[in-house]
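Here is a short tour for anyone who likes to look at a model from the inside out. Load it up and follow along.

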Amino acid sequence: AVDYIEHINTASISDLGGPDLFITSSELLEKARLAGLTVENDSFTERELEDAFPQQALNAASCGGRLMAYPFYFETCCLLYNKNYVDAAPVTIDDILAYADSYEGGDETADVENIFKWNVADIFSNFFFIANYVNLGGPTGDDPSQVQLSADEITACLQYYQSLNAFFAIDAEEVTTENVLQEFIDGKTVYTIAKTDAIAAIDKALAAEEETEESAEEAAEAENAEAEGAQEEETVSGDGDRFYGIAQVPDLTADLATKGLSVTNSVVVNAYSAQRELAKSFARYLTFEKAEDLYGLTDKMPVRLGVEYENPEMGVLLEQYENSVEVPKLTDLSNYWMEMEIAFANIWQGSDAAAEADAVAQEMLQQLETQE
């Protein structure tokens with residue numbers, strides 16, 4: 001991952017040659033274009049693009065005013081909730097706080113240890129708090145004149161974020177994405193913020209549990225199958241209902257809105273390829289014609305519209321993606337995530353929210369001005 005584009009460029013201009021195609025995230029696409037490694041995506045008609053891909057994906061695959069890649073799959077964050085404990089997702093985090101205030105434990109909730117828990121040390125899981133009020137380079141993320149990193153609403157959102165420590169007391173030094181997800185699977189958490197790939201992880205855990213239960217049932221049936229004329233029974237896995245629900249990240253309050261953060265990975269045709277037209281055909285094949293097979297093979301969610309899933313609630317993830325903020329392509333903002341992750345950590349521990357946000361904003365704007 002380190003110097004990914006540089007390695008591709010070095011190989012491409014060498015005697016051995018580089019790849020005909022490569023997959024890259026949206027944040028590295030501008031870097032690849034400036035290195036001369038991209039070829040415009042002209043393999044689709046405008047109508048095909050409009051019908052097959054959300055605008056969010058087309059924006060992510062565009063830079064310099066042109067579509068320079070083939071949008072393939074995405075990652076974003078969402079809200080997961082345990083249907084055994086609550087009937088529906090909340091509209092706001094204020095609703096979660098109200099639920100926590102009125103919560104009364106019982107036999108059905110004996111396993112519950114956390115009303116709301118997420119990885120507060122992960123910027124991907126935190127950024128939705130302020131995403132609605134930042135502008136990271138305009139719709140396509142490559143316009144330095146459209147950068148907005150400070151606003152009263154951003155400060156208010158960060159102060160709200162800080163206030164949640166008093167309610168949920170999540171230890172940023174101990175929490176991990178894996179532990180948070182496992183506690184949710186174990187029924188210890190009612191609400192959590194999770195990345196897209198958490199869905200496949202949960203379903204695999206459920207499938208493994210079901211397989212273990214079926215094996216135990218089959219063993220018991222074998223012991224009782226000696227009676228003549230015993231009725232043959234079919235092993236049924238249930239009605240397919242899952243214990244969890246998927247929803248878009250909730251707003252903070254009635255006045256403070258949220259958006260998820262997203263990363264789009266696209267297929268890029270290498271400008272140095274000796275088989276450019278064939279590479280274009282293969283890029284279209286991967287991202288358009290065979291996109292419906294992607295999730296089953298890789299657990300990656302394609303950006304292609306119209307893909308059906310065994311779990312119909314997964315459509316919410318695409319809706320969340322369409323209502324998200326994409327990581328920017330501006331190289332001058334490449335360290336923004338690291339700086340904001342530090343800022344979120346400091347704010348969670350009690351630092352002044354306005355001061356932390358302003359310090360990051362000033363550093364980023366100074367970087368942009370230096371390049372101008």
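C77 has a relative accessibility of 0%, so C77 counts as buried. Please keep in mind that this is a predicted model.

**Cysteines**

How many disulfides does a search of the whole structure find? The count is zero. C77 takes part in none, and the nearest cysteine sulfur to its own, that of C78, sits 7.2 Å away. A disulfide calls for two cysteine sulfur atoms within 2.5 Å, so a separation of 7.2 Å rules this pair out. Seen from C78, which is likewise in no disulfide, the nearest cysteine sulfur is that of C77. C78 has 1% relative accessibility and therefore counts as buried too.

**A buried threonine**

T24 belongs to strand β1, which spans residues 21-25. Is T24 buried or exposed? Its relative accessibility is 3%, and because buried means under 20%, T24 counts as buried. T24 and I5 are 19 residues apart in sequence, while their C-alpha atoms are 8.6 Å apart in space. Once neighbours within four places in sequence are set aside, the contacts of T24 are Y4, I5, L29, T264, N265, S266 and V268.

Here are the three buried residues met so far, side by side:

| Residue | Relative accessibility |
|---|---|
| C77 | 0% |
| C78 | 1% |
| T24 | 3% |

**Nonpolar cores**

In soluble globular proteins, nonpolar side chains tend to be buried together. In this model, the largest nonpolar core has 63 residues. Which residues have the most contacts inside that core? They are W118, F127, F129, I130, Y191 and Y336. Y191 is a good one to click on: beyond its neighbours within four places in sequence, Y191 is in contact with L79, L80, Y81, V86, A88, P90, I96, Y99, I115, F116 and K117. There is also a second, separate core, made of 54 residues, with F44, A61, F243 and F288 among them.

**The second largest pocket**

Now for some empty space. The second largest pocket holds about 310 Å³. It is lined by 21 residues, and the closest to its centre are G138, P139, S324, V325 and E326. Which elements give two or more residues to this lining? They are α4 (55-60), β6 (135-136) and β12 (324-326). By residue type, the lining of the second largest pocket divides into seven nonpolar, ten polar and four charged residues.

Definitions and conventions:
Residues are numbered from 1 along each chain as its sequence is written. This is a predicted model: local features need pLDDT of at least 70, side-chain atom pairs count only at pLDDT 80 or more; totals for chains, interfaces and linings use all residues. Side-chain values use heavy atoms; hydrogens and water are left out. On a 1 Å grid over the protein atoms alone, a cavity is a set of points where a 1.4 Å probe fits but cannot get out, and a pocket is an open set with protein on both sides within 12 Å along at least five of seven lines; lining residues have an atom within 4 Å of a point. Grid points are joined across faces, edges and corners, and a volume is the space filled by probe spheres set on the points. Helices (H or I, at least four residues) and strands (E, at least two) are DSSP runs, numbered from the N terminus. Ala, Val, Leu, Ile, Met, Phe, Trp, Tyr, Cys and Pro count as nonpolar, Asp, Glu, Lys and Arg as charged, and the others, Gly among them, as polar. A nonpolar core is a set of buried Ala, Val, Leu, Ile, Met, Phe, Trp, Tyr and Cys residues joined through side-chain atoms within 4.5 Å. Buried means under 20% relative accessible area, exposed over 50%, partly exposed in between (1.4 Å probe, protein chains only). Contact means heavy atoms within 4.5 Å.
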